[in-house]
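Here are a few exercises to work through with the model open in your viewer. Try each task before you read its solution.

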Amino acid sequence: MLPGLTVLAMATVSAQAAPSCPAPEGFDARGRIESRDVVVLYRTVPDIEVGRHFAVEAVICAQPPAAVTTVRVDAQMPEHRHGMNYRPRVSARGDGLYVAEGLLFHMPGRWQLLFDVERGGRTERLEANVMLE
């Protein structure tokens, strides 16, 4: 990660442990977000810089292993009450790997990277805070 970039994961605390989620060989996860029954391992390619497009590669693991039907990736700046000026495209690459392309953080500050994981008729949102200077 670049100097001036801080990633803080938001996790839901629960009595049950999150599912195991081993990263595929060669996948160097930069972040992990988990809830009671979903884990997201992710990295950005390239590292995030203000005004530069990037992609997010994510491995999604769920318990019970119900089929993930949809994954959406987005971002917002809560303090500024706005999101990105771009809508990323997400594609499944198989074996739980998803790639979101076309993200761009157009200004410094605190961003929330949002992962919406739909499965079994419900959607769960996981968030990672990204501080970009």
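**Exercise 1.** Are Cys21 and Cys61 buried or exposed?

*Solution.* Before you start, note that this is a predicted model, in which local features need pLDDT of at least 70, side-chain atom pairs count only at pLDDT 80 or more, and totals for chains, interfaces and linings use all residues. Residues are numbered from 1 along each chain as its sequence is written, and side-chain values use heavy atoms, with hydrogens and water left out.

Step 1: get the cut-offs straight. Buried means under 20% relative accessible area, exposed means over 50%, and partly exposed is in between (1.4 Å probe, protein chains only).
Step 2: apply them. Cys21 is buried, and Cys61 is buried too.
Step 3: look at the sulfurs. Cys21 and Cys61 are joined by a disulfide, S to S 2.0 Å (the term asks for a pair of cysteine sulfur atoms within 2.5 Å).
Step 4: place the two ends. Cys21 sits in the loop between strand E1 (5-9) and strand E2 (31-34), while Cys61 belongs to strand E4 (residues 54-62), so to speak a link between distant parts of the chain, 40 residues apart. Strands here (E, at least two residues) are DSSP runs, as are helices (H or I, at least four), numbered from the N terminus.
Step 5: add the handedness. The link of Cys21 and Cys61 is right-handed, with 65 degrees about the S-S bond.

**Exercise 2.** Find the side-chain partners of Ser35 and Asp37.

*Solution.* Step 1: locate the residues. Ser35 is in the loop between E2 and strand E3 (38-45), and Asp37 is in the loop between E2 and E3.
Step 2: check burial. Ser35 is buried at a relative accessible area of 4%, and Asp37 counts as buried at 9%.
Step 3: find the polar contacts. A polar contact is a pair of N or O atoms within 3.5 Å; within protein, one must be able to donate a hydrogen and the other to accept it, and residues adjacent in sequence count only if both atoms are side-chain atoms. The Ser35 side chain makes one with the side chain of Glu124 (2.4 Å), and the Asp37 side chain makes one with the side chain of Arg122 (2.7 Å).
Step 4: widen the view. Leaving out residues up to four places away in sequence, Asp37 touches residues including Pro19, Cys61 and Arg119 (contact means heavy atoms within 4.5 Å).

**Exercise 3.** How many aromatic pairs does the structure hold?

*Solution.* Step 1: count them. There are three. Rings of Phe, Tyr and Trp (its six-membered ring) pair if their centres lie within 6.5 Å; planes under 30 degrees apart are stacked, over 60 edge-to-face, and the rest tilted.
Step 2: take Tyr42 and Phe115. Their ring centres are 5.4 Å apart and their planes at 40 degrees, so this pair is tilted. Tyr42 lies in strand E3 and Phe115 in strand E9 (residues 109-119), so the pair ties together parts 73 residues apart in sequence.
Step 3: check burial again. Tyr42 is buried at 3% relative accessible area, and Phe115 counts as buried at 0%.
Step 4: take Phe54 and Phe105. With centres 5.0 Å apart and planes at 85 degrees, the pair is edge-to-face. Both residues are buried.
Step 5: join the rings up. Phe54, Phe105 and Trp111 are linked into a cluster by ring pairs.
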